[in-house]
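Grab a pencil and work through these exercises with the model open beside you. Each one sets a task and then walks through a solution.

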Amino acid sequence: MLHYKLVYQNMVKDSKFYDFIDIENIIVGNEDNSVGILYTPSNYTEWLREDSIFKTFIEFDITQTIITNTKFRVILEMHEKLNLLFSDCEFYGLTSDEVDSMINYNDIDKESINFIIDKEEYRLKKMIFRTKSCRFISINRNGVISFQEDSMADDLEDIKKLIDFINIGPRVLK
């Protein structure tokens, strides 16, 4: 699995932050200021601590993406327009057995997710989808998307669209 941390360049400039730092393995969305950076927790944290990287993030007003329950709901609502098929999700503080019990052992769907968020007040940790080529892609609350390496060949345009959608919002689908 490949993991990409999503970031967004808030200040629109003629140049992009990734042109000024030593960075490999990024995915630039269809919008130049919407980016996924190859991610492992220890390497990313260490990389961000470098003065030149940190200064570039400040200078270009880079925001690291975090996904709230609200944003998860919008993704779930629009998943078909993103060429994704909902597969599963995980909540903080709940095992899959506890989730099954809460929804009376029915298949998890949009209504059951909304019930768990609204009535039980749990936060989503991750949503898992399948791409049109039947590969898994997960979207994590910490702004990391994960997918199989061979998805880069078959699903790259949809991955870029997803990165833009998460960073910018539904207007990228118009």
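**Exercise 1: E90 and its surroundings**

Task: Find which residues E90 is in contact with, leaving aside its neighbours within four places in sequence.

Solution. Step 1: with those neighbours set aside, E90 is in contact with L124, K125 and K126, where contact means heavy atoms within 4.5 Å. Step 2: place E90 in strand 5; strands (E, at least two residues) and helices (H or I, at least four) are DSSP runs, numbered from the N terminus. Step 3: look at R123, which is 33 residues from E90 along the chain, with 8.9 Å between the two C-alpha atoms. Step 4: check accessibility, where buried means under 20% relative accessible area, exposed over 50%, and partly exposed in between (1.4 Å probe, protein chains only). E90 has 33% relative accessibility, so it counts as partly exposed.

A word on what you're looking at: this is a predicted model, in which local features need pLDDT of at least 70, side-chain atom pairs count only at pLDDT 80 or more, and totals for chains, interfaces and linings use all residues. Residues are numbered from 1 along each chain as its sequence is written, and side-chain values use heavy atoms, with hydrogens and water left out.

**Exercise 2: The cores**

Task: Work out which elements each supply at least two residues of the largest nonpolar core.

Solution. Step 1: get the term straight: a nonpolar core is a set of buried Ala, Val, Leu, Ile, Met, Phe, Trp, Tyr and Cys residues joined through side-chain atoms within 4.5 Å. Step 2: the largest one has 36 residues, and F91, I113, M127, F129, I139 and I145 have the most contacts inside it. Step 3: the elements you want are strand 1 (2–9), helix 3 (69–78), strand 5 (84–91), helix 5 (110–118), strand 6 (124–131), strand 7 (136–140), strand 8 (144–147) and helix 7 (156–168). Step 4: helix 7 gives the most to this core, with six residues.

Step 5: zoom in on I139. Leaving aside neighbours within four places in sequence, I139 touches residues including I67, F72, I75, L162 and I166. Step 6: don't miss the second, separate core of 16 residues, with I23, Y44, L48 and I62 among them.

**Exercise 3: Helix 3 from the inside**

Task: Which residues of helix 3 are buried, and what covers them?

Solution. Step 1: pick out the buried residues of helix 3, namely N69, F72, I75, L76 and M78. Step 2: recall that an α-helix has 3.6 residues a turn, so residues three or four places apart point the same way. Step 3: the cover over these buried residues includes strand 5, helix 5, strand 6, strand 7 and helix 7.

**Exercise 4: Salt bridges**

Task: How many salt bridges does a search of the whole structure find?

Solution. Step 1: apply the rule: a side-chain nitrogen of Lys or Arg within 4 Å of a carboxyl oxygen of Asp or Glu. Step 2: the search finds eight. Step 3: try R73 and D118, a salt bridge whose closest N and O atoms are 2.3 Å apart. This pair links distant parts of the chain, with R73 in helix 3 and D118 in helix 5, 45 residues apart. R73 is partly exposed at 27%, and D118 is partly exposed at 42%.

Step 4: now take K110 and E77, whose side chains meet in a salt bridge (3.1 Å, N to O). K110 sits in helix 5 and E77 in helix 3, so this pair ties together parts 33 residues apart in sequence.

Step 5: finish with R135 and D150, another salt bridge (2.9 Å, N to O). R135 is in the loop between strand 6 and strand 7, and D150 in the loop between strand 8 and helix 6 (151–154). R135 is buried, at 15% relative accessible area, while D150 is partly exposed at 40%. Step 6: K132, D158 and K161 are joined into one network by salt bridges that share partners.
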